[in-house]
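Colleague: I have just opened this structure and would like a close look at a single part of it. Could you walk me through that part slowly, and then show me how the rest sits around it?

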Amino acid sequence: MDELYQKAYDALSLKASSMGANGVLGFKIDFDEISGKGVQMFMISVSGTAVKLSMEDHVSDVADK
């Protein structure tokens with residue numbers, strides 16, 4: 001399961017990077033089992049919001065208010 005988790009995480013990170021993002025917020029992963037007719041499989045769903053973050057060179061003045 002750890003290997004499946006890592007592959008799903010890597011796929012989402014690669015997709016976000018290809019969109020120009022440098023981060024993912026709200027990463028969520030779901031594992032489900034599908035079975036029937038003598039066949040059993042795992043289904044993995046991964047979601048998150050691709051974001052582009054930037055660092056500010058100054059401290060916000062919100063604390064001063």
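Is Phe-27 buried, partly exposed or exposed, and what is the relative accessible area of Phe-27?

Modeller: Happy to help! Please keep in mind that this is a predicted model. Phe-27 has a relative accessible area of 26%. Buried would mean under 20% and exposed over 50%, so Phe-27 counts as partly exposed.

Let us get our bearings before looking at the ring itself. The protein has one helix and two strands, and along the sequence they follow the pattern α-β-β. Of its 65 residues, 11% count as buried. Phe-27 belongs to strand β1, which covers residues 23-36.

Now for the aromatic rings. There are two aromatic pairs in the count. One of them is formed by Tyr-5 and Phe-27, with 5.8 Å from centre to centre and 80 degrees between the planes, an edge-to-face arrangement. Because Tyr-5 lies in helix α1 and Phe-27 in strand β1, this pair ties together parts that are 22 residues apart in sequence. Tyr-5 is partly exposed, at 35% relative accessibility. The ring of Phe-27 also pairs with that of Tyr-9: their centres are 5.3 Å apart and their planes stand at 80 degrees, so this pair is edge-to-face. Here too distant parts of the chain are linked, since Tyr-9 is in helix α1 and Phe-27 in strand β1, 18 residues apart. Tyr-9, at 38% relative accessibility, counts as partly exposed. Taken together, Tyr-5, Tyr-9 and Phe-27 make one aromatic cluster.

From the cluster we can follow the helix. Helix α1 spans residues 2-18 and also holds Lys-7 and Glu-3, which sit four residues apart, about one turn of the helix. Their side chains meet in a salt bridge, 3.5 Å from N to O. Both Lys-7 and Glu-3 are exposed.

A salt bridge is also formed by Asp-30 and Lys-28, whose closest N and O atoms are 3.9 Å apart. The count of salt bridges comes to two. Asp-30 is partly exposed at 32% relative accessibility, and Lys-28 is partly exposed too, at 46%.

Asp-30 leads us across to the other strand, because its bridge partner in β2 is Ser-45. Strands β1 and β2 run antiparallel and are joined by twelve bridges. They form a hairpin with two residues between them. Lys-37 is found in the loop between β1 and β2, and although Lys-37 is not a glycine, it has a positive phi of about 55 degrees. With 87% relative accessibility, Lys-37 counts as exposed.

Past the turn comes strand β2, residues 39-51, which supplies three residues, the largest share, of a nonpolar patch. That surface patch is made by Ile-34, Val-39, Met-41 and Met-43 and comes to about 340 Å². Val-39 has its place in strand β2 and is partly exposed, with a relative accessible area of 44%.

Two values for the whole protein round off the tour. The accessible surface comes to about 5700 Å², and 55% of it belongs to carbon and sulfur atoms. Among contacts between residues at least 6 apart in sequence, 46% join residues at least 24 apart.

Terms used:
Residues numbered from 1 in each chain as written. Predicted model: local features only at pLDDT ≥ 70, side-chain atom pairs only at ≥ 80, totals over all residues. Heavy atoms only, no water. Patch = residues over 30% accessible without salt bridge, like charges linked within 9 Å, V, L, I, M, F, W, Y side chains within 5 Å. Areas by Shrake-Rupley, 256 points an atom, 1.4 Å probe, with all protein chains shown as cover. Salt bridge = Lys/Arg side-chain N within 4 Å of Asp/Glu carboxyl O. Buried < 20%, exposed > 50% of the residue type's maximum accessible area, 1.4 Å probe, protein only. Pairing = 2+ DSSP bridges. Contact = heavy atoms within 4.5 Å. Phe/Tyr/Trp six-rings, centres within 6.5 Å; stacked < 30°, edge-to-face > 60°.
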